[in-house]
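Please open the model in your viewer and keep the selection panel at hand. This tour goes from one selection to another and says what is there at each stop.

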Amino acid sequence: MGEQHRAEFPQEVIDEYAALGVDLPALFSAGHLGTRMGVQILEASADRVVGTMPVEGNTQPYGLLHGGASAVLAETLGSVGSMLHGGSSKIAVGVDLNCTHHRGVRSGLVTGVATPVHRGRSTATYEIVITDEQGRRVCSARLTCLLRDVRPGDAAQVPATAG
């Protein structure tokens with residue numbers, strides 16, 4: 001689905017996860033769902049996560065961007081921020097997602113920007129603003145993730161680095 005982008009991570013974060021054998025771009029890709037929907041993470045830190053998603057292929061019967069697609073983009077971006085805040089010893093699990101849809105979009109690319117509202121020891125909450133190519137707000141979302149300790153066996157679920 002178009003040009004491939006690699007997420008940009010701070011070097012210390014890359015080093016921390018690489019030492020554990022974890023492939024950060026694969027971990028933060030939204031998995032098979034994100035691939036099917038064309039989600040691309042462009043920038044990622046605990047302070048700000050930016051990603052895009054095409055409207056084409058993610059529409060409802062009236063030809064408008066599906067609200068569920070906006071929710072997938074929002075949860076992906078907020079989860080990435082939460083994971084980076086929690087660090088490699090925590091797993092972020094979404095527990096609450098709220099989306100308000102402001103306008104319809106029929107084509108192009110939407111961009112989401114996630115910024116923290118709260119970053120604690122056991123939860124992280126991010127606001128995600130999704131805009132169209134003209135910079136108009138399409139959706140406002142808020143995601144809260146539980147930050148739980150990594151448990152034995154969790155590593156089997158995380159994509160490993162090649163090599």
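How far is the sulfur of cysteine 99 from the closest cysteine sulfur, and in which residue does that sulfur lie? Before selecting anything, bear in mind that this is a predicted model, and then show cysteine 99 together with cysteine 139 as sticks. The closest cysteine sulfur to that of cysteine 99 belongs to cysteine 139 and lies 4.5 Å away, which is too far for a bond, because a disulfide requires the two sulfur atoms to be within 2.5 Å. A search of the whole structure likewise finds zero disulfides.

Keep both cysteines on display and turn on the surface. Cysteine 99 is partly exposed, with a relative accessible area of 24%, whereas cysteine 139 has a relative accessibility of 0% and counts as buried.

**The whole chain**

Now select the protein chain and colour it by secondary structure, so that its four helices and six strands can be told apart. Followed from the N terminus, the elements come in the order α-α-α-β-β-α-β-β-β-β. Of the 163 residues in the chain, 41% are buried, and the chain exposes about 8700 Å², of which carbon and sulfur atoms supply 50%. If you display contacts between residues with a separation of 6 or more, 64% of them are accounted for by residues 24 or more positions apart.

**Strand β2**

Next, select residues 49-54, which form strand β2. Six of the six residues here are buried, so the strand is largely enclosed by the rest of the structure. In a regular strand, side chains alternate between the two faces of the sheet. Looking at one side of β2, you will find Val49, Gly51 and Met53, and on the other side Val50, Thr52 and Pro54, with both faces covered and all of these residues buried.

**The partners of β2**

Add residues 40-44, strand β1, to the selection, and you will see that β1 and β2 pair in the antiparallel sense over four bridges. A hairpin of four residues joins β1 to β2, and within the pairing glutamine 40 stands opposite threonine 52 of β2.

Finally, add residues 109-119, which make up strand β4. Strands β2 and β4 run antiparallel and are joined by six bridges. To find one of the bridge partners, label proline 54 in β2 and look across to leucine 109 in β4.

Key
Residues numbered from 1 in each chain as written. Predicted model: local features only at pLDDT ≥ 70, side-chain atom pairs only at ≥ 80, totals over all residues. Heavy atoms only, no water. Helix = DSSP H or I, 4+ residues; strand = E, 2+ residues; numbered from the N terminus. Buried < 20%, exposed > 50% of the residue type's maximum accessible area, 1.4 Å probe, protein only. Contact = heavy atoms within 4.5 Å. Areas by Shrake-Rupley, 256 points an atom, 1.4 Å probe, with all protein chains shown as cover. Pairing = 2+ DSSP bridges.
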